Amino acid sequence: MFDLLIVDARIVDGTGAPYFHGDLGVMGDRIAAVGRLSGQLARRTVVAAGRVLTPGFIDIHSHSDASYLINPLGESKVRQGVTLEVAGQCGWSLAPLEGAAVEEIKKDLEAEDEVEISWRTMGEYLACVEEARPSVNLAVVAGHGTIRGSAMGYDDRPPTADEAARMRLLLRQALAEGAFGLSTGLIYPPGSYATTEEIVALARELAPAGGVYFTHMRNEGARLLEAVGEAIRIGEEAGVPVQIAHHKVGGEKNWGKVKESLHVIEEARARGVDVTCDQYPYTASSTGLSSIVPQWAHDGGSEKLLARLRDPDTRRRLAAECVDSPDSWSGWDKLLISSVRSEANKKYEGKNLAEIAQERGQDPIEAAFDLLIEEELAVGMVRFGMSEEDVRAVMQHPWVMVGSDGSALAPYGRLGRGKPHPRNYGTFARVLGRYVREEKVLGLEMAVRKMTGLPAWRLRLWDRGLLRPGFHADLVLFDPDRVVDRATFTDPHQYPDGIDLVVVNGTVTVDGGEHTGARAGRVLRRGGSRCHGDN
Ligand code: ZN
Ligand code: CU
């Protein structure tokens, strides 16, 4: 007898193979059988009536590092069908922590999110997430920025030999305690201070552990191709797989460059470098507003950056550099303020900087700098800088996965603040609704593969990501005629439609589109699964 039996489904198994009509039975936390099973006994039978049954979606690029400590339900993710997230991306993880990184991360988290930083090592952090009993499975990579801040602080300089050794040791420990790899954020200080050689030396630690190098590259504008070259070189010299995060190009004069970069990636694959990418399906990006301030001004950490913004002479210099930076913008009206900390500035959330500047009677750049000072840097932004044609070209590439670059949010409580990028709620439903059904940019089977089998392969998870007997029962049942994202830039806290049933480790977590309150997610540790191939 099955615990759960789903009958009469259009089964899309995650490999990219064509769908077939059939049934799937779950026993405990595993898939017990796939095939013709109707008539067999089950504690619960769900009639799919031709809806699509797939493996649970794997969000290969997530920033849910703190989310489950704030709200374990993982609302905005699990309601999209996400059953596993990979956090610690873009160089920023919550472990391992020591030295200057402890204060820097506390500043980020404790004031606003009321998350108490009680851990130091990756193992201790993962145990804290486990204790929170999340609704979704979580895997984590160690962030280079966090490791660098831990070993040597936030100064713009190369590490000493001792500091470099400390970074390697911290990474080795994090890998031994379950991290799936290393991430860099080479536009964000302190990661941006690192040379290619510094990263190669660290990435070499990944090879014996079977870890992956994930990178938010040094440039996603005019110097995109150089940045892809650097990512490939790191993988090649360190002998490790490379995952290029949120592959895109910003700035109108750079549009089209992703076609060249995808070609460069194919050439690297052909000569044996294992490079793949992920992407979120929007023409707008999102990050902290402080990233518009030139790199040198971040030297020494956030307090020093604020001091420079307050100093009239330095500020003038920064403003001048910002305005004619070679990569810059398509205009201040394309830059939306998505979140602030203070009540006084809440009125700006969802407005663009041109509007805000006008309201304040200031230049846009002066308004941006003042906002950063008033909010002590805690200002989020959304920037419209990509072309739809490029988004489609990247999406159609066979080695590109779907990753939200967002975190688990909820329309209520502390995770419901501001006007965050809609990708936090909409990514997976948007690919299935808009790009598969409406615009036919890619086929259903290929889209599902990018959300399931491909990211599982990337993580070397040999017992998730496909519909196979013996695999963990992470499942999504959705209506292909109805599935659609509803989150918008002005009204982002909206769950998608059409994702009817989500099962995490055999437990029904979304039922009839509603969260059941189940918290059956697990913290995955690299090397921790018995089906694992890379021990
Ligand atoms: Zn990033
Ligand atoms: Cu990211």
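# Group meeting: two metals and the fold around them

His-216 is buried, and His-246 is buried too. I start with these two because they lead us straight to the metals. Before going on, please keep in mind that this is a predicted model.

So, what are the protein donors of the zinc ion, ligand 1? They are Cys-90 through SG, His-216 through ND1 and His-246 through NE2, at 2.1 to 2.2 Å from the metal. Along the chain, the spacing reads C-x125-H-x29-H. The two histidines link distant parts of the chain: His-216 sits in strand β11, residues 212–216, while His-246 is 30 residues away in the loop between β12 (242–244) and α10 (257–270).

Now to the neighbour. The copper ion, ligand 2, lies 3.0 Å from the zinc ion, and Cys-90 bridges the two. On the protein side, copper has His-61 (NE2), His-63 (NE2), Cys-90 (SG) and Asp-405 (OD) as donors, 2.0 to 2.2 Å away. Their spacing is H-x1-H-x26-C-x314-D. His-61 is in the loop between β6 (57–59) and α1 (67–70), and Asp-405 is in the loop between β17 (400–402) and α16 (423–438), so this pair ties together parts 344 residues apart in sequence. Both of these residues, His-61 and Asp-405, are buried.

What about the geometry at copper? The site is irregular, with angles of 86 to 154° among the four donor atoms. For comparison, the ideal angle for four tetrahedral donors is 109.5 degrees.

Let's move on to the packing. The largest nonpolar core has 98 residues, and among those with the most contacts inside it are Met-122, Tyr-125, Tyr-213, Ile-244, Leu-432 and Phe-478. Ile-244 is a nice one to click on: leaving aside residues up to four places away in sequence, its contacts include Thr-215, Met-217, Val-228, Ile-265 and Val-275. There is also a second, separate core of 28 residues, which includes Ile-292, Tyr-348, Ala-367 and Met-381.

Next, a helix I'd like you to look at, α12, residues 312–323. Its twelve residues should span 16 Å at 1.5 Å a residue, and the end C-alpha atoms are 17 Å apart, which agrees. Which residues of α12 are buried? Thr-314, Arg-315, Leu-318, Ala-319 and Cys-322 are. Looking down the axis, these buried residues fall within an arc of 135°, so they line one face of the helix. That fits the general pattern: an α-helix has 3.6 residues a turn, so residues three or four places apart point the same way. The buried residues pack against α11 (302–310) and α14 (364–374). On the other side of α12, Asp-313 and Arg-316 are exposed.

Finally, some backbone details. Most residues other than glycine have a negative phi, and most peptide bonds are trans. Here are a few spots that depart from that.

Ala-95 and Pro-96 are joined by a cis peptide bond with omega about -5°, and Pro-96 lies in the loop between β7 (82–87) and α3 (100–113). The bond from Pro-189 to Pro-190 is cis as well, with omega near 5°; Pro-190 is in the loop between β10 (181–185) and α7 (196–203).

As for phi, Ala-49 has a positive value of about 50°. Ala-49 lies in the loop between β4 (42–47) and β5 (52–55) and is exposed, with a relative accessible area of 58%. Glu-376 has a positive phi near 45°. This glutamate lies in the loop between α14 and β16 (380–384), and Glu-376 is exposed at 52% relative accessible area.

Thanks, everyone!

How values were computed: Residues are numbered from 1 along each chain as its sequence is written. Chains are lettered from A and ligands numbered from 1 in the order in which they are written. This is a predicted model: local features need pLDDT of at least 70, side-chain atom pairs count only at pLDDT 80 or more; totals for chains, interfaces and linings use all residues. Side-chain values use heavy atoms; hydrogens and water are left out. A nonpolar core is a set of buried Ala, Val, Leu, Ile, Met, Phe, Trp, Tyr and Cys residues joined through side-chain atoms within 4.5 Å. Buried means under 20% relative accessible area, exposed over 50%, partly exposed in between (1.4 Å probe, protein chains only). Contact means heavy atoms within 4.5 Å. Donors are N, O and S atoms within 2.8 Å of the metal (3.2 Å for Na, K and Ca); water is not among the atoms, so sites may look incomplete. Four donors count as tetrahedral if all angles lie between 85 and 135 degrees; four count as square planar and six as octahedral if opposite donors are over 155 degrees apart and all others between 65 and 115; anything else is irregular. Helices (H or I, at least four residues) and strands (E, at least two) are DSSP runs, numbered from the N terminus. The expected span of a helix is 1.5 Å times one less than its number of residues. The arc is that of the directions from the helix axis to the C-beta atoms.
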